[in-house]
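Here is a short report for a first look. Please have the sequence and the model open as you read.

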Amino acid sequence: MNANRHETSGPTRTQQITLRGPAELADALPFMLGFHPTDSVVLVALHGEHGRFGGRVRLGIPGSPREWASTADHLAECLVEGGARAGARPDGIVVFLCQDPAPGETGRRVMERLRPFAQRLRTACGALDIPVYEALCISDGLYFSYCCPDARCCPPDGTPLALSGTTVMAATAAYAGVRVRGSLRDMEARLKPTGGPGEEGQRAALDAAAASVVPRILEDPEGRQRTETRERTLTLAREILRRFANPNTPKTPNAPQIPKTSQPLKTPPTPQSPQSPSHPTGPTLPGRALTDAPEGATTDAADDALITSEEAAALILGLQDRITRDRAAEWMEGWEGTAALRLWRVLARRCVAPYQEYAAAPLTLVGWTAWSTGDEPTARVALGLALEADPEYVFAQLLHQACNEGLDPESLRSCLRSERDSRTAPEQPSPTPSRRVRMRASRRQGTRPALGRAGRQTGARDRRAAAGVRPGGPATGRPGGGSPQHGGQRGTRSGR
C-alpha cells in the first residue's frame with residue numbers, strides 16, 4: 001500500500017512510500033493522523049490498484065457494545081459518502097481500533113473484547129461493497145490482526161510495535177517535516193479545564209459576566225447594548241492578542257471602551273516567546289505547572305497567566321454572539337492567527353463546570369484557526385470537542401465536514417477577508433455572490449427555548465438556511481434557541 005500524505009508543504013505532496021504488512025500499517029497510523037489515537041476507531045480509505053491512502057474518519061470507541069452496530073454503519077457511510085462527494089469512492093478500507101488496557105487487563109483481552117466491533121465494522125463496509133483489507137487492534141504497545149490467520153506473522157498474543165523513529169515511515173516523515181503531536185489524550189487536555197480549586201474564581205467570574213452580558217444580548221430590542229457588548233468583546237480580544245505577541249503589555253482589569261474603528265490589527269513591536277521570563281505575574285490555573293510539564297503545557301501555563309479570570313469570562317460570554325464570533329474568526333493568518341490560536345485555547349480551558357457548553361465557540365475558533373494555519377490534526381481534535389460540547393453548533397459542523405473532506409480553507413479565508421474589507425471600507429463594492437462559501441451540514445429537527453450559543457439556529461426557516469451558513473455572513477444579531485445541560489444553578493442560561 002502506498003502512503004501519500006497531502007499536506008501543505010511541498011515535499012509531502014510527492015513523497016510516497018510503500019507499506020508492507022500489518023506492522024508497517026500500525027506504525028503509519030500516527031503519521032496519517034498527526035497524533036497517536038487513544039480510545040479511537042479509525043477508518044482509512046484506500047484507492048487504486050496499489051491501495052493509495054485517502055480520506056479517513058476517527059471517532060471515540062463507544063463505551064456500550066449496544067452502540068457498536070450503529071456506530072459502525074455511521075462511520076462506513078461517512079467515509080464512503082465523503083469519498084464519493086470528492087469524486088473518489090474508496091476501493092478498500094483499513095480499520096484500526098486503538099484502546100489502552102483497563103487496570104488488570106491485557107492487550108490481548110482488549111483485542112478480544114473489541115472483536116465484535118471489528119467484525120461489525122467489516123460487515124458495515126461490506127454492505128457498501130467496499131472490502132476491508134485489514135483490521136488491526138493496537139493496545140499496550142502491541143498490534144493484533146483481525147484478518148490475518150497466519151500465526152507466524154500475526155501471533156494471537158500480539159506483535160510489539162516498532163520502536164519510535166526507527167521505521168521507514170518515521171524517517172520519511174522526519175524528512176518531509178511531518179510531526180506527530182503526541183497522543184490524542186494530550187491534545188484534548190490542552191483544550192479542557194484542568195480541575196482544581198482555582199476553578200472557583202473562574203466560575204465566579206463567569207457568573208458575574210453572565211449576569212451582565214446576557215441581559216444586554218436578550219433584553220435590548222433596539223440592539224444598542226448588544227452592539228456595544230460586541231465591540232467591547234472584540235476590543236478586549238484585540239488587546240489580548242497584542243499582549244500575547246508582546247507579553248510586556250500590561251493587563252487591564254476592565255473591558256475597554258467601544259473603539260472608533262474596526263481596522264485589522266497592526267503588527268505589534270518585537271513579538272516575544274510565551275516562555276520569555278518577561279511575562280508579568282498573573283493567575284495560573286491549577287495543573288499548569290511551568291516546569292516538568294508535557295509538550296505544550298509550559299506554553300499553555302504562560303498563556304493562562306496573561307489573562308485574568310474576569311477578562312476570560314467577558315470574552316467567553318461575548319463570543320456566544322454569532323456576529324462577534326464571526327468577526328473574531330478574521331484573525332486567521334500571520335501573527336494574528338498564531339496569537340488567536342493561543343487565546344482561543346485559553347478560553348476553552350476556562351469554560352469550567354457548569355459552563356462546559358459555552359466552550360463550543362472558542363473550540364470552534366481553535367479548529368478554524370488551526371485549519372487556516374495548516375494544522376489539520378489540531379483542527380479535527382478541536383472541532384470534535386466543540387461538537388461534543390454542542391452537537392448542534394452549526395459553524396463547527398460545517399468546518400468539521402469541510403476539513404474532513406479535504407477542502408481548501410482559502411475559499412473561506414477569502415470570504416472573511418471580503419467581509420472585513422467591506423465593513424472597514426464601506427465605499428468599496430460589496431463582494432460578489434461567487435465569493436460566498438457554502439457548505440452543507442445535517443441538523444437535528446426541533447427547537448429548544450433558552451439562550452443559545454453562536455452558530456445554533458432554530459425553526460424551519462433557519463433549518464432551510466443552515467446549509468448556506470457561512471462565517472461573516474448576514475446574521476440576525478440575536479442568539480438562537482437552545483438549552484444547556486444543567487450542571488447547577490450558576491450554569492443555567494436563565495434566571496441570572
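At 43% relative accessibility, Gln119 is partly exposed. That class lies between buried, under 20% relative accessible area, and exposed, over 50% (1.4 Å probe, protein chains only). Gln119 belongs to helix 4. Helices (H or I, at least four residues) and strands (E, at least two) are DSSP runs, numbered from the N terminus. The C-alpha atoms of Gln119 and Ala135 are 8.9 Å apart, with these positions 16 residues apart along the chain.

This model is predicted: local features need pLDDT of at least 70, side-chain atom pairs count only at pLDDT 80 or more, and totals for chains, interfaces and linings use all residues. Residues are numbered from 1 along each chain as its sequence is written, and side-chain values use heavy atoms, with hydrogens and water left out.

Next, the sheet. Its 6 strands form an open sheet in the order 4-3-5-6-7-8, with mixed pairing. Strand 4 (52–60) and strand 8 (159–160) are the edges, each pairing on one side only. Two strands pair if DSSP finds at least two bridges between them. Strand 5 (residues 92–98) and strand 6 (residues 132–139) run parallel, joined by 6 bridges. Val94 has Glu134 in strand 6 as its bridge partner.

Two helices pack on this sheet. Contact means heavy atoms within 4.5 Å. Angles run from 0 to 180 degrees between N-to-C directions, and axes are lines fitted to C-alpha atoms, for helices over the stretch in contact.

| Helix | Strands touched | Angle with strand 6 |
|---|---|---|
| Helix 2 (residues 21–33) | strand 3, strand 4, strand 5, strand 6, strand 7 | about 75° |
| Helix 4 (residues 107–127) | strand 3, strand 5, strand 6, strand 7 | about 155° |

Last comes helix 12. Because 14 of its 16 residues are buried, helix 12 is largely enclosed by the rest of the structure.
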